[in-house]
Amino acid sequence: MVGVVPVCSVRAGAGRTGAGAGCGVLAGVGAGWRVRGGLEWVPMSSLDHLRDPERYPRSAGYDPAWLLGLDMGPNPLWLLEDLARDLDLRPGMRVLDLGSGKGATSVFLAREYGVSVVADWWVEACEAAAVFAEAGVGAQVEAVRAEAHQLPFEPESFDAVVSVDAFEYFGTADTYLPYLVRFLRPGGQLGVATPAMTREVRDLGAVPDHIGRVVGWEAIAWHTAEWWRFLWEVTGLVRVTSARLQQDGWRDWLVWERACAEHLPRERASHQAVVDMLTQDQGRLLSFALLSARRH
Ligand SMILES: C[S@@+](CC[C@H](N)C(=O)[O-])C[C@H]1O[C@@H](n2cnc3c(N)ncnc32)[C@H](O)[C@@H]1O
């Protein structure tokens, strides 16, 4: 995203607005211009930067303001769209969206891939249902409030389990993958997007200061992609099909946090702290891991 990116047009259709404004980032994160009404150039706001049709064409059809209104973590649609490139999601599949927050990813799964989704909630089910109904996917997405270690589902009842920016809270124990895969049919897929570091905290000896100041010990769970690959594969229960750091994950994260700091005034301080953390990091350590596996 740094540097010159060609002028682009936003895909209309699947999103809530279907807005078709053209945009062109001229230089760096947070700078740029867009065309208004096809006639005049106006400066891009941090919200405009949350549309990137070149890299994330499906997500570009969703209104960034809608997405920010459901904020519980950075770039959920970008993470999911990228993760889905490593998965094989087909219409009619039954997918568990584990740790689905306020539901943006569940709406995206239902609309973009035609799958039926069971969304796992800490958020009140009625709040979830309202998001799904308003997005027109109420019949496809079922909200279930459940703790990740006590899932109220039948064994082998899902074609896929997807988890965006949530697995770091409950999935790092040696015992968790063996617990979770029982809910996948044989051959079923697991896809996880989770904050990650380029080096293990254990190898660094401590959580680096600029990260610890903002998230404290939580960063211990931000493992490298290779750490996850080993943890999963050594169980013999799955074949890891992909374990990679998201390209430009750090930069995407910064774009999101800047937009939150600008547009969510009540949470400005916490988002600005993350902006500062990422700015200091410069992508040396911080990114996201995208992990995919199939149950044997
Ligand atoms: C940072 S939010 C991300 C939400 C959403 N996936 C997104 O990207 O917007 C983390 C989510 O993990 C869920 N979560 C954390 N610990 C959990 C647990 N033990 N069981 C179930 N969900 C959990 C929270 O409820 C929350 O929705």
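A residue counts as near a molecule or strand if its C-beta atom, placed from the backbone, lies within 6 Å of it. Keep that in mind for the ligand here: 17 residues surround the ligand, and Gly 99, Gly 101, Trp 122, Ala 148 and Ala 166 come nearest. Before we go on, note that this is a predicted model, where local features need pLDDT of at least 70, side-chain atom pairs count only at pLDDT 80 or more, and totals for chains, interfaces and linings use all residues. Residues are numbered from 1 along each chain as its sequence is written.

So what kinds of residues make up the shell around the ligand? The shell divides into nine nonpolar, five polar and three charged residues. Here Ala, Val, Leu, Ile, Met, Phe, Trp, Tyr, Cys and Pro count as nonpolar, Asp, Glu, Lys and Arg as charged, and the others, Gly among them, as polar. Helices α3 (104-113) and α5 (167-170) each supply at least two residues of that shell. Helices (H or I, at least four residues) and strands (E, at least two) are DSSP runs, numbered from the N terminus.

Let's stop at Trp 122, which sits in the loop between β6 (116-121) and α4 (125-134). Is Trp 122 buried or partly exposed? It's partly exposed, because 15 other C-beta atoms lie within 10 Å; buried takes 20 or more, exposed 12 or fewer, and partly exposed is in between, with C-beta atoms placed from the backbone. Lys 102 is 20 residues away from Trp 122 along the chain, and their C-alpha atoms are separated by 8.8 Å.

Now for the sheet. Seven strands form an open sheet in the order β7-β6-β5-β8-β9-β11-β10, with mixed pairing. β7 (141-145) and β10 stand at the edges with a single partner strand each, so one side of each has no neighbour in the sheet. Two strands pair if DSSP finds at least two bridges between them. In general, strands of a sheet pair through backbone hydrogen bonds, either parallel or antiparallel.

You can find both senses here. β8 (residues 158-164) and β9 run parallel, joined by six bridges, and Phe 158 has Leu 184 in β9 as its bridge partner. Strand β11 (residues 286-295) pairs in the antiparallel sense with β9 (residues 184-197) over nine bridges, and with β10 (residues 238-245), also antiparallel, over seven bridges. Look for Arg 294 in β11: it is the bridge partner of Gln 189 and also of Arg 239. As for cover, nine of the ten residues of β11 are buried.
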